[in-house]
Amino acid sequence: MGKLLNQIVKENDIKNIPKEDYKELAKEIRVKLVQSISRTGGHLASNLGAVELTMALHLTLNFPEDKLVWDVGHQSYVHKILTGRADLFGTLRQMDGLSGFPKVKENVCDTFDTGHSSTSISVALGLAKARDLRGTDEKIFAVIGDGALSGGMAYEALNNAASLHSNMVVVLNDNKMSIAPNVGGMSNYLGKIRANRKYRNLKANVESALDKIPNLGQPLAKHIKKAKNSIKQLFIPGMLFEDMGLIYIGPVDGHDTQELLTAFETAVSVVDQPVLVHVLTKKGKGYKPAEKKPSLFHGVGPFDIHSGIPETGDEKSYTDVFGQWMVQKGGEMPELVSVCAAMPDGTGVVDFADKYPERFFDVGIAEEHAVTFAAGLAAGGMRPVVSIYSTFLQRGYDQILHDVCMNQLPVVFAVDRSGIVGRDGETHQGIFDLSYFGTMPNMTVLSPMDDEDFILALDYAVSRQDGPVAVRYPRGNVFSCKVDRSYDDGYQMGKAEVLQEGSQVVVLAVGNMVEKALEAAHILAGQGIEPTVVNMRFVKPFDKELVRRLAGENQLIVTMEDNVYSGGFSAMIQAFLQENGLGAVDCLPICLPDAFIGHGAPEELYVKYKMDAASVAERIMQRL
């Protein structure tokens, strides 16, 4: 580490750094970020853009008494460095190491666990009201990106802010991007503000000039004050934030520490109103590859520092397979449309967007709206495919249930990053989707086992006319089982696929776990145990006829899924057996515990929870 960064070993140590050294400290922090993340992977561009912003926050606040809430939280790396965790950065996103997001249990200066978008203002409002009720005086800050303002929850919080009648500060980190370039009205609105920077000095200049006019100045100032909203409209159309009850300061240069400090000091001096400080930053600042391609360096694996080229192989991912399928199907079905929520790259629909731009809709970070918008498209005769990560689709639960399922609309949900996701940890693991989809009437849930099965599942899903279908698939490289499917006419409603016949033990496996089931079966074969292995394909409705038959022929039923137990596939199977008088059959559920799963490489986590092939084989032998 650099000589200045070496002086920061705990929170508030930055206040001992001389002002003239702030630029050098920012440089050392950026070097630290690039060097560390090039080895561990992580969210680079957003943190490079927030260096001076975070420094100014730490110079303004006293930790841990004052409270800082990060929206999403992937841009909190500099905050971690400035609170004494720089020496631990080699463990970032590694098993039992530093989280890539704020974690209260990791450090007392992390105010709130975050990982999903548009939540920070609501949390900060709650903290501020709790402070007022307790009669204390700590400062409350929330940092939210411009992309997160496309999330409806942020507007709900802003709408409620005026009722606070007390100070809290919302810092709008405006880098013109979320993950993909921002879309919609808020992006256009902020663009107009950026183009009208003279506004921030207007009020002070006008008042100063009027004060110099004898007799006439003060009365004229009163008249102008009454008309201030009209004057603001000339410079900033809408004045959304002040109209919602917040004092607006900005735009401020997000890479000028002194200017940021002045803005923050002004903001906390306001007694009876919340304040929004609009900060302009450059995503990826200080590292040329990240500046040129900020989307690529939003979340990145290990990479070569000099070239910026990621250290990845040429393997095909499930997201790649989905993207190729979308383009092909788009040519066959003119009614097919794509809906995503700010992640066209992440969900693999960029090529579809390029080829069929009039049928591609990126609604921004607004999963609830994405789902109901898709419901409207389906009701209007289109065939929408909604591609969203499993963890983010949780936010649209009510819309899926109420607007799609209840209306029995043919919406396809492409549920990317299902199951164990890995290094992003608790907030990003897709381990609840089988449970929340399983509660929904009229919903069909598919979980294919490999690349070929995935295509069959998607074809089946888009062919259905009588209701919604969710197709869940994991992050990472595809598994190719090379099953002989010459006999296979494709998916048939609720029918499973028997991969190998055996005796004594039957393994009912779902999606990503089929590969591990086959590996476990190979290990067991060496012990003289030949299990039946079933690729369930359908989780809802599952193949009840097959399960009933196999339960009568075997002494042990093993269920394998990358979901929590509660409400998941294993719980469904056990409930079915009890209801059908087959409760005496021994069941071994291989699934995740009802808990939040921390960060680590997926295979490390499978081993930890005894869900890898070797552990599964051992558990089966012990049970027998």
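**Exercise 1. Describe the chain's surface and burial.**

Start with the surface: the protein chain exposes about 25,300 Å², of which carbon and sulfur atoms supply 52%. Accessible areas here come from the Shrake-Rupley method with a 1.4 Å probe, and for residues only the protein chains shown count as cover. Keep in mind that this is a predicted model, in which local features need pLDDT of at least 70, side-chain atom pairs count only at pLDDT 80 or more, and totals for chains, interfaces and linings use all residues. Residues are numbered from 1 along each chain as its sequence is written, and side-chain values use heavy atoms, with hydrogens and water left out.

Next, burial: 57% of the 624 residues count as buried, meaning under 20% relative accessible area (over 50% is exposed, in between is partly exposed; 1.4 Å probe, protein chains only).

**Exercise 2. Decide where to read the model with care.**

First take the average: the pLDDT (the predictor's confidence in each residue, from 0 to 100) is 89 for the protein chain, and 90% of the residues score at least 70. Then look at residues 193-197, where pLDDT stays under 50 and the model has 15 contacts beyond four places in sequence; a contact means heavy atoms within 4.5 Å. Where pLDDT is low, predicted coordinates should not be read in detail.

**Exercise 3. Trace the seven-stranded sheet.**

Begin with the inventory: the chain has 25 helices and 17 strands. These are DSSP runs numbered from the N terminus (helices H or I, at least four residues; strands E, at least two).

Now follow the open sheet, whose order is S7-S6-S8-S9-S11-S10-S15 with mixed pairing. At its edges are S7 (360-362) and S15 (538-540), each pairing on one side only. Two strands pair if DSSP finds at least two bridges between them. From one strand to the next, the twist averages 20 degrees.

Move inward: S9 (residues 412-418) and S11 (residues 469-474) pair in the parallel sense over five bridges, and Val 412 stands opposite Val 469 in S11. Finally, add helix H16 (residues 367-379), which packs on the sheet and touches S6 (336-340), S7, S8 (383-389) and S9. The direction of H16 makes about 165 degrees with that of S8; axes are lines fitted to C-alpha atoms, for helices over the stretch in contact, and angles run from 0 to 180 degrees between N-to-C directions.

**Exercise 4. Place Leu 458 and explain its class.**

Locate Leu 458 in helix H20 (residues 451-463). Leu 458 counts as buried because its relative accessibility is 0%. Beyond neighbours within four places in sequence, Leu 458 is in contact with Phe 322, Trp 325 and Val 471. To finish, its C-alpha atom is separated by 9.9 Å from that of Arg 472, 14 residues apart along the chain.
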